[in-house]
Amino acid sequence: HNFCESCNRVRLTCTGQLFMCLGQEDTADLRAPVRALESNDLLDRAIVDAIARKPKGHDFIIDRRNRPAVGRHMSMTGG
């Protein structure tokens, strides 16, 4: 079932990539804002901007006859 409209999940990888949707390739790089030592303002802005890009639906193809829409295994995303 497509539950995307109520989804509030994101995934942060060990390399600082924030996936707003596991069924999409779009990521936000949080490594640079985390390493900026001035304040958390850059990180806060990067997270807010990323969440604003969170899609309203995923690109999963739930059909074994078709190629998956996402070119990575879930284990590559981590979390």
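Let me start with methionine 20, which sits in the loop between E2 and E3. This is a predicted model, so please hear every value that follows as computed from that prediction. Methionine 20 has a relative accessible area of 1%, and because the cut-off for buried is under 20%, it counts as buried. If we leave aside residues up to four places away in sequence, methionine 20 touches Arg9, Val10, Asp26, Thr27, Ala28, Ala50, Ile51, Arg53, Lys54 and Pro55. As for asparagine 8, it lies 12 residues from methionine 20 in sequence, with 9.0 Å between the two C-alpha atoms.

Now the strands on either side of that loop. Strand E2 covers residues 17-19, and three bridges join it to E3 in an antiparallel arrangement. One pair to look for on the screen is phenylalanine 19 with its bridge partner in E3, threonine 27. The sheet as a whole is open, with three strands in the order E1-E2-E3 and antiparallel pairing. Strand E1 (11-12) and strand E3 (27-29) stand at the edges with a single partner strand each, and therefore one side of each has no neighbour in the sheet.

Staying in strand E2, we come to glutamine 17. Is glutamine 17 buried or exposed? Its relative accessibility is 19%, and since buried means under 20%, glutamine 17 counts as buried. The side chain of glutamine 17 makes a polar contact of 3.2 Å with the side chain of aspartate 29. Again not counting residues up to four places away in sequence, glutamine 17 touches Arg11, Leu12, Thr27, Ala28 and Asp29.

Next, helix H2. It has 12 residues and reaches 17 Å from its first C-alpha to its last, which is close to the 16 Å expected at 1.5 Å a residue. Which residues of H2 are buried? They are Leu43, Ala46 and Ala50. Seen down the helix axis, the buried residues of H2 fall within an arc of 65°, so they line one face of the helix. The general background is that an α-helix has 3.6 residues a turn, so residues three or four places apart point the same way. On the other side of H2, Asp41 and Ala52 are exposed. What covers the buried residues of H2 includes E2, E3 and helix H1 (31-35), and Ala50, one of those buried residues, is also among the residues that methionine 20 touches.

Beyond H2, in the loop that leads from helix H2 (41-52) to helix H3 (74-77), we find lysine 56. With a relative accessibility of 75%, lysine 56 counts as exposed, because the cut-off for that class is over 50%. Lysine 56 and glutamate 5 are 51 residues apart in sequence, and yet their C-alpha atoms are 5.9 Å apart in space.

Let me finish with the protein as a whole. Its secondary structure comes to three helices and three strands, and from the N terminus on the elements run β-β-β-α-α-α. There are 79 residues, of which 27% count as buried. Among contacts between residues at least 6 apart in sequence, 52% join residues at least 24 apart. The protein exposes about 6,300 Å², and carbon and sulfur atoms supply 53% of that area.

Definitions and conventions: Residues are numbered from 1 along each chain as its sequence is written. This is a predicted model: local features need pLDDT of at least 70, side-chain atom pairs count only at pLDDT 80 or more; totals for chains, interfaces and linings use all residues. Side-chain values use heavy atoms; hydrogens and water are left out. Helices (H or I, at least four residues) and strands (E, at least two) are DSSP runs, numbered from the N terminus. Buried means under 20% relative accessible area, exposed over 50%, partly exposed in between (1.4 Å probe, protein chains only). Contact means heavy atoms within 4.5 Å. Accessible areas come from the Shrake-Rupley method with a 1.4 Å probe; for residues, only the protein chains shown count as cover. Two strands pair if DSSP finds at least two bridges between them. The expected span of a helix is 1.5 Å times one less than its number of residues. The arc is that of the directions from the helix axis to the C-beta atoms. A polar contact is a pair of N or O atoms within 3.5 Å; within protein, one must be able to donate a hydrogen and the other to accept it, and residues adjacent in sequence count only if both atoms are side-chain atoms.
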